[in-house]
Amino acid sequence: MKQVLEFLRELSCNNNREWFTEHKAEYLQAKAAFERFSLSLLEEIRKFDSSIGNLGIGDITYRIYRDVRFSANKDPYKTHMGVYICKGGKKSGYSGYYFHVSADAGGGWESGHMVADGDYLCEPKVLAIIREDIEAGDGDFREILSHVVPRLKLEMDGALKKVPKDFPSDTPDSDFYRLKRFCLSGPITDDMITSPDLMNDLIRMFRSAKPFLDYINRAIHYSRTGE
């Protein structure tokens, strides 16, 4: 992963087509290294989550080229490489396991190394089902969260200011009803990225989050099938 990180940091300092063309061979080497890691990660996740099924590299990784048509940032290339592993592949709409390595040291989806699990953009129908499940479960969602490794935190950014009117505002679950996305995320340090234990660290986090993903994916499946 060190090779990937070094290339991304060079790219971050030279984010233009001329430099990228001159260093295309280095990009292809970094891309190949990241894809090898991603396929190994896929196989390890499949050992404890059989719902993943048969996926190829195109189902779990992303192009480095940015779509700049509607963005104020006109840099042509992403400065991170990410992998998203879920049932049906990255375009299926199901919740999954996400990891990216970044050139930058900040936080958020496009800067800073990150690990995440869940649904970052829940559809309104899915949100309604999850909220109903949490209320009916009487604490089972909190029990699931209690077994997730501490590095992964439930994201509260973008939550509603008030609990929706159809749900109680005076229970231990009240803050969950305000959420507009159900996603666990956490930062990854440079030391972790370059450590030989990176794969084991990711699998430990992802395995702990599987019951959370199952909970969210059950709601997504029900919203589509009614079953």
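**Exercise 1. Find how β2 and β3 pair, then place them in the sheet.**

Solution. Start with β2 and strand β3 (residues 114-119): they pair in the antiparallel sense over five bridges. Strands here are DSSP E runs of at least two residues, helices H or I runs of at least four, both numbered from the N terminus. Two strands pair if DSSP finds at least two bridges between them. Next, take one bridge: H100 has M114 in β3 as its partner. Now widen the view. Five strands form an open sheet, ordered β1-β2-β3-β5-β4, with antiparallel pairing. Finally, look at the edges. β1 and β4 (153-154) each have a single partner strand, so one side of each is left without a neighbour in the sheet.

This is a predicted model: local features need pLDDT of at least 70, side-chain atom pairs count only at pLDDT 80 or more, and totals for chains, interfaces and linings use all residues. Residues are numbered from 1 along each chain as its sequence is written, and side-chain values use heavy atoms, with hydrogens and water left out.

**Exercise 2. Work out which residues of α1 are buried, and what covers them.**

Solution. First, the helix: α1 (residues 2-13) has twelve residues and reaches 17 Å from its first C-alpha to its last. That is close to the 16 Å expected at 1.5 Å a residue, where the expected span is 1.5 Å times one less than the number of residues. Second, list the buried residues (under 20% relative accessible area; exposed is over 50%, partly exposed in between; 1.4 Å probe, protein chains only). They are V4, L5, F7, L8 and L11. They cover an arc of only 165° around the axis, which puts them on the same side of α1. The arc is that of the directions from the helix axis to the C-beta atoms. On the other side, K2 and C13 are exposed. Third, the cover includes α2 (17-22), α3 (24-46), β1 (80-86), β2 (96-102) and α8 (190-193).

**Exercise 3. Identify the members of the largest nonpolar core that touch the most others.**

Solution. A nonpolar core is a set of buried Ala, Val, Leu, Ile, Met, Phe, Trp, Tyr and Cys residues joined through side-chain atoms within 4.5 Å. The largest has 66 residues; F7, M81, F99, F182 and F212 touch the most other members. Helix α9 (residues 198-225) gives the largest share, 13 residues. A second, separate core of six residues includes Y84, C86, Y98 and A116. Return to F99. Beyond four places in sequence, its contacts (heavy atoms within 4.5 Å) include F34, M81, M114 and L202.
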